[in-house]
Amino acid sequence: MKTTQRISMLAGLLVTLMFAACGEASKKDMKSAKENMGEATEDIKQAAKDAREENRAYLETNWKKFQSESEKIILNTETQIKELREKIAKSAKKDREKLSAELDKLEQKNKALKEKLAERGHRFKENLIEFNDEAKEKEKSFEREFKHDMDELGTALKDLFKNNVE
């Protein structure tokens with residue numbers, strides 16, 4: 001009986017020690033997992049920050065190029081408008097009023113595009129744009145729309161005398 005009690009006590013002690021040892025290992029594993037999770041979270045935050053900075057650099061570089069090209073086109077359009085005003089002044093009196101009114105409309109469109117470009121430039125300068133993947137798509141869309149509007153204006157200026165003076 002004494003041996004049975006001793007074996008039972010010894011077995012109980014071993015089981016207790018085993019659970020205690022497993023508990024320590026589990027605690028260590030849990031602590032290690034928490035540390036790894038913290039490091040992973042920091043890595044994710046850093047990757048997100050790096051991606052925003054990369055997007056910012058990409059968008060700003062492309063914006064400066066686009067803005068420069070667009071400003072040149074707007075200046076050329078303003079020159080064309082001045083030349084057309086001189087040409088209209090020399091045209092027949094009956095066409096002059098109609099041509100001037102149409103040229104005024106085109107000049108207003110050019111001013112609106114110039115203001116739209118300036119507003120977009122202001123938003124970039126003041127960092128009012130969130131620099132993420134969606135911003136890239138929005139910027140591409142803005143550029144496509146702006147170029148389309150500029151092309152339409154250029155075509156309208158070229159066709160001003162074609163459509164009105166036979």
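Here are some short exercises on the salt bridges of this predicted model.

**Exercise 1.** Find out how many salt bridges a search of the whole structure gives.

*Solution.* The search turns up nine salt bridges. As background, side chains of opposite charge can pair when their charged atoms come close.

**Exercise 2.** Work out which parts of the structure the pair Glu107 and Arg85 ties together.

*Solution.* Start with the contact: the two side chains form a salt bridge, 2.7 Å from N to O. Next, place the partners: Glu107 sits in helix α2 (residues 93-125) and Arg85 in helix α1 (residues 2-90), so this pair links parts 22 residues apart in sequence. Finally, look at accessibility: Glu107, at 24%, is partly exposed, and Arg85, at 28%, is partly exposed.

**Exercise 3.** Do the job again for Asp149 and Lys116.

*Solution.* First check the distance: the closest N and O atoms are 3.9 Å apart, and the cut-off is within 4 Å, so the pair counts as a salt bridge. Now the location: Asp149 belongs to helix α3 (residues 133-164) and Lys116 to helix α2, so parts 33 residues apart in sequence are tied together. Asp149 is partly exposed at 24%, and Lys116 is partly exposed at 27%.

**Exercise 4.** Decide where Glu134 and Lys138 lie.

*Solution.* These two form a salt bridge, with 3.3 Å between the closest N and O atoms. Both are in helix α3, four residues apart, or about one turn of the helix. Is Lys138 buried or exposed? At 52% relative accessibility, with exposed meaning over 50%, Lys138 is exposed.

**Exercise 5.** Name the residues linked in a network of salt bridges.

*Solution.* Glu53, Arg56 and Glu60 make up such a network.

Notes:
Residues are numbered from 1 along each chain as its sequence is written. This is a predicted model: local features need pLDDT of at least 70, side-chain atom pairs count only at pLDDT 80 or more; totals for chains, interfaces and linings use all residues. Side-chain values use heavy atoms; hydrogens and water are left out. Helices (H or I, at least four residues) and strands (E, at least two) are DSSP runs, numbered from the N terminus. Buried means under 20% relative accessible area, exposed over 50%, partly exposed in between (1.4 Å probe, protein chains only).
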